[in-house]
Amino acid sequence: MPTETATPVIELRHVDKHYGPLHVLQDINLSVAKGEVLVVIGPSGSGKSTMCRTINRLETIDSGEILIEGQLLPQEGKELAALRAKVGMVFQSFNLFAHKTILENVTMGPIEVLHTPKAQAEAEAMELLRRVGVDTQAAKVPAQLSGGQQQRVAIARSLAMHPTAMLFDEPTSALDPEMINEVLEVMVELAQQGMTMVVVTHEMNFARRVANRVVFMADGQIVEQNTPDEFFDHPQSQRAKDFLDSIKGH
Amino acid sequence: MSANVSMRDALYEAPGPKTRRRVAIGTGVSLVLLVALIAFVIRQFYINDQLNPKYWSFFTRWTTWRFLLRGMFGTIKVALMAGVIAMALGLLLMLGRISPNKALSAACHVAIDLFRSLPSLLLIYFFFLVIPKYGIKMPAFWMITVPVALAASGVLAEVFRAGVNAVPKGQTEAAMALGMTHGKITRKIVLPQALKIVIPSLVSQLVVVVKDTTVAYVVSYPDLMQNARVLISNYDALVSMYFVVALIYIAINYATNQFSIYLAHRQGTQVISRTSENPI
Ligand SMILES: Nc1ncnc2c1ncn2[C@@H]1O[C@H](COP(=O)(O)OP(=O)(O)O)[C@@H](O)[C@H]1O
Ligand SMILES: [Mg+2]
């Protein structure tokens, strides 16, 4: 495990959140060090997406603190927007801007938020699209691309902001099986280049290959966390054992 | 393939044999009913002596048509101007309503509901009777245009809002995650997609604006209806004149509707041509 002495890139302290009577996040404490790859795993409805989304405040929290590079997450306005720009997010459903071309999707953030000159933004975008292998599709619109291609564009769109960390919420769950690997490959490469990542996923091979730590969530709580090999081979809690049995059964 | 594309494709599903038979029967029945209705109207005209040439002969004169055409252009002028103002105002009201500023949002909400629920005739009386009392003089054109525009702006604001709500939430969330501010997200991501969605209903709403202009006689503005009333009193020909005027209104609104169908169709073909080149 990485040392905890340096300021964590992402830190959650005693985070609580309710949806009406549902206590969806219960006293969540989590810290992600620079360059660390954290895989979040757990049954559906356990609060993984909610936790992921609180980190860039797509969801508000009831109590507790969230810090990005030691800075408290602002509540609103330009400060919040500026902090969000530093944390990339990749969604299960890609969410590419439907009315923009692939190239425009990737240049949108740099041009509108970082005020990068258009020519430079486009050059960088093309380089990123090449990196994720969809540069030949630059002039198309999202609906013309396959799911795997769209998700790789979504990753390039996040990378264009030069984020300090990236959040992935089940990035391969909406994909046909034959497209899962092309997206995971891009993510593995990112991890190996030292990107700080929080990845909600059930892809065990991915976790074993690149994760520094696996966090197991159930019913709004972090039940256990460990290195991937320890967690998958010797889960401690009964809930984790049951869950792993259920996904291995497939 | 994204869900909204396949949903839209479903709207263009080709009818099966059963549906085609039902459509054919429906068309036949409607045609018979239409012919019966026309026969009935002609018979009623005949019984009430409305086919008497004295009620129709003045339609052979150019001056009659010139007067009616002038009225028609008056109607079109008011409808276009009111339509443009209503769209601009409706857009602003909607933007205010969805703004994170609570006070502005509440104010716009009230204005929208007010304009939407007040009959346009009442607004016209307000501009015709109340405003002049405060020494403000408005030409007849504006006394009809402004209230019609206000009434329509409330409805259009809701049309725009429906469009904004139809843009998937993920679009906004992705923009938020990039660090874009509310204003930028609205301008660059939400509005362009929302406007595309509502163009057809926007144009259909113009039909309502055209119909609202028919009360221009209240402020003595020479629109189609007002000029028709002048001709009616000149020639004592109420039924024939209203019959012709009704046809002209139907023609204007038919043209408006065709325009909206054309826009909707162009929209549909855009979606289809985009998806048909799918590389998978
Ligand atoms: N906007 C919402 N309103 C109410 N309940 C919600 C909302 N979003 C999620 N939930 C509930 O919160 C729980 C956790 O959801 P989620 O974080 O999506 O779980 P996971 O990603 O682990 O499947 C679920 O029971 C879900 O139904
Ligand atoms: Mg989830």
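What follows is a conversation about a predicted model, covering ligand 1 and the interface of chain A and chain B.

Colleague: What makes Tyr19(A) count as a polar contact of ligand 1?

Modeller: A polar side-chain atom of Tyr19(A) lies 3.5 Å from a nitrogen atom of ligand 1, and because the rule accepts N or O atoms within 3.5 Å, the pair is counted.

Colleague: How do you know that Ser49(A) and Thr50(A) are in polar contact with ligand 1?

Modeller: For Ser49(A), a polar side-chain atom is 2.7 Å from an oxygen atom of ligand 1, and for Thr50(A) an N or O atom of the side chain is 2.5 Å from an oxygen atom of the ligand; both pairs are therefore within the 3.5 Å that the rule allows. As for cover, ligand 1 taken alone exposes 560 Å², of which the protein buries 58%. Strand S2 (22-32) and helix H1 (48-55) of chain A are the elements that give two or more residues to the shell around the ligand, and H1(A) gives the most, with three residues.

Colleague: Why is Lys48(A) listed among the residues that surround ligand 1?

Modeller: Lys48(A) is one of the residues of that shell, which also includes Pro43(A), Gly45(A) and Gly47(A), and a residue is listed because one of its heavy atoms lies within 4 Å of the ligand. By class, the shell has four nonpolar, six polar and one charged residues, and Lys48(A) is charged because Lys belongs to the charged class.

Colleague: How many residues does each chain bring to the contact between chain A and chain B, and what area do the two chains bury?

Modeller: Chain A brings 31 residues and chain B brings 24 residues, while about 2,400 Å² is buried between them, 60% of it on carbon and sulfur atoms. On the side of chain A, the residues that lose the most area to chain B are His99(A), Glu112(A) and Gln144(A), together 24% of what that side buries.

Colleague: Why is the pair of Lys188(B) and Glu112(A) called a salt bridge?

Modeller: The closest N and O atoms of Lys188(B) and Glu112(A) are 3.4 Å apart, and since the rule asks for a side-chain nitrogen of Lys or Arg within 4 Å of a carboxyl oxygen of Asp or Glu, the pair therefore qualifies. Across this interface the rule finds three salt bridges, and eight residue pairs are in polar contact. Elements of chain A that each supply at least two residues to the side touching chain B include helix H3 (102-112) and helix H5 (147-159); by class, that side has 16 nonpolar, nine polar and six charged residues.

Key:
Residues numbered from 1 in each chain as written. Chains lettered and ligands numbered in written order. Predicted model: local features only at pLDDT ≥ 70, side-chain atom pairs only at ≥ 80, totals over all residues. Heavy atoms only, no water. Polar contact = N/O pair within 3.5 Å; in protein donor to acceptor, adjacent residues only side chain to side chain. Areas by Shrake-Rupley, 256 points an atom, 1.4 Å probe, with all protein chains shown as cover. Helix = DSSP H or I, 4+ residues; strand = E, 2+ residues; numbered from the N terminus. Contact = heavy atoms within 4.5 Å. Buried area = accessible area lost by both parts, 1.4 Å probe.
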